[in-house]
Each structure stands twice: as C-alpha cells, then as structure tokens.
Amino acid sequence: MIHFQSISKKFGRLPVLNEVSLTLEKGNCIALIGPNGCGKTTLIKSLLGMVIPDKGDILFNGQNIKGQEKYRSQIGYMPQIGRYPDNMRIAQVIDMIKQIRPSSDLDNDLYKQFDMATMTDKRMRTLSGGTIQKVSATLAFLFRPPVLILDEPTAGLDPIAAEILKEKIIAARNNGSLVLITSHVLSELEGLVNRLVFMQDGKVLLHEDIETLKATTRQSTIAKSITALLKNQLNG
C-alpha cells in the first residue's frame, strides 16, 4: 500500500534518512521505533508531504505522491502534540475539519466514548494535554481513513481513555486499515502492533513480524526482544 523507495534526506550537511526502502501493507498495525534522531519523524513527514526527500520515491497505492495532494485525504494523522487555534472551542475545531474534509460517512465512535459532547464549549487553550489528545484521536479516526498515522497516541491519556483508543486501533487494523504508530513506551505496544520497524542513524535495521521477532530472540516482550537484538549487534 505504501512503498518507500531509497528515500534519502539531509538537513544541511546532516544526513537524516539514508536510502530507506520500506513497504507497509494494509491490515497491519506497525510500530515505528528507534532512538531520538533516528529519522522516524522525517520519514513520517515525508509521507505526509511536509518534507521533500532529496532522493527516492514514495508510492501510495502504486502512485507516486510527488506533487500530489489528494492521497492525503486517505490518511488520518494524530500528532504527538496537537496544535489548534487557542480561542476556538472544541466544537468549532471539529466543525472546521468537517468543512475542510466533507464526508457523509463519519465515525463518531471516539467522540461518544470520550464523552466529548460534554466538553464542546471548552476553548482549546484551556484543555489539558490528555483532552487535546482526545480531540486529536477523534479527528484522526473521524473520516474512516484507510491509513492511520499515530504519534505517541496514548501519551497523556488516562488509563480508561488509553484502553478505548487501543481497542479502536485494533478494530481499525482488523477492518483492513494500515496503522503506523510511533512510541517510546514499548510496553504500550504489546498486544497492539503485529509488526515492528526499528530505525537507527537514518536506516531501517529491522522490519519484522512481532511473533517472529520474539521467537527469534527467545524473549517474551517487544522491549526485551529489541534489547537482545541491540546487545547482539554490539557484541557482533
């Protein structure tokens, strides 16, 4: 569904992405992880059209995204820190996005489960980080996109809201969506993702099925599996 073909990017003299080739297929929930500065954010921004690679191509459903915009309507994006006009109320933000991206088939499930109707008159500048996350999650899923990009989606959410969101992510994957999640809290990914991409120094070092990864490393968790791989790499 999404193919990164030899993507490279430098900011000044600093190489951020180095010949990244990666294929992401629908019906998967994929964790994109790696240390700070490994290139995760730049790769995502390249897919969203916010960064233009110096080299390589990105194909979305077989079509090169270079110079294109319409493909973005098929992506639901939840940023790590949502930024919205301070003086707007929650209801106004949601209505604005509906006008920008009109659809007759809206998914209001998270709106209802997060009990957003009781908060719609609150201005964005007054919201806690967790409530802003709820707004961002609601907007990401609202248009039933076939691709979801979720950056640290459970950060700041209370345990109940986090579980609601996790169940929604699993349902989206089971319904055939491609879900790409970035997270520094590997324990949050257990039972949620079925594949993992590990990046380091602008390169993809690993793209593997979770169960295969655990079996190969003889570890019971994602965190332990990654730790074992890194230790083997250092010792090798």
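## Largest pocket

In this predicted model, strand β6 supplies three residues to the lining of the largest pocket, the largest share from any element. The volume of the largest pocket is about 710 Å³. Its lining comprises 18 residues, and those closest to the centre are Ile75, Gly76, Tyr77, Ile97 and Arg101. Two or more lining residues come from each of β6 (75–78), α2 (90–100) and α4 (129–141).

Sorted by class, the lining of the largest pocket holds eleven nonpolar residues, four polar residues and three charged residues.

## Second largest pocket

The second largest pocket has a volume of about 320 Å³. Here the lining is made up of 17 residues, with Lys40, Thr41, Gln80, Asp151 and Thr182 nearest the centre. Helix α1 gives four residues, the largest share of this lining.

The class division for the second largest pocket is five nonpolar, seven polar and five charged residues.

## Open sheet and helix α1

Four strands make up an open sheet, and their order is β2-β1-β4-β5 with antiparallel pairing. The edges are formed by β2 (14–24) and β5 (63–64), each of which pairs on one side only.

At the β5 edge, strand β4 (residues 55–60) runs antiparallel to β5 and is joined to β5 by two bridges. In one of these strands, β5, Asn64 is the bridge partner of Leu59.

Helix α1, which spans residues 40–47, lies across three strands: β1 (2–11), β2 and β4. The angle between α1 and β2 is about 60°. The same helix, α1, is the element with the largest share of the second largest pocket's lining.

## Gln133 in helix α4

Helix α4 contains Gln133, and α4 is also among the elements that give two or more residues to the lining of the largest pocket. Is Gln133 buried or exposed? Gln133 is buried, because its relative accessible area is 3%, and the limit for a buried residue is under 20%.

Which residues does Gln133 touch, leaving aside those up to four places away in sequence? The contacts are Met78, Pro79, Gln80, Glu152, Pro153, Ala155 and Leu157. One of them, Gln80, is among the residues nearest the centre of the second largest pocket.

Definitions and conventions
Residues are numbered from 1 along each chain as its sequence is written. This is a predicted model: local features need pLDDT of at least 70, side-chain atom pairs count only at pLDDT 80 or more; totals for chains, interfaces and linings use all residues. Side-chain values use heavy atoms; hydrogens and water are left out. Two strands pair if DSSP finds at least two bridges between them. Contact means heavy atoms within 4.5 Å. Axes are lines fitted to C-alpha atoms, for helices over the stretch in contact, and angles run from 0 to 180 degrees between N-to-C directions. On a 1 Å grid over the protein atoms alone, a cavity is a set of points where a 1.4 Å probe fits but cannot get out, and a pocket is an open set with protein on both sides within 12 Å along at least five of seven lines; lining residues have an atom within 4 Å of a point. Grid points are joined across faces, edges and corners, and a volume is the space filled by probe spheres set on the points. Ala, Val, Leu, Ile, Met, Phe, Trp, Tyr, Cys and Pro count as nonpolar, Asp, Glu, Lys and Arg as charged, and the others, Gly among them, as polar. Buried means under 20% relative accessible area, exposed over 50%, partly exposed in between (1.4 Å probe, protein chains only).
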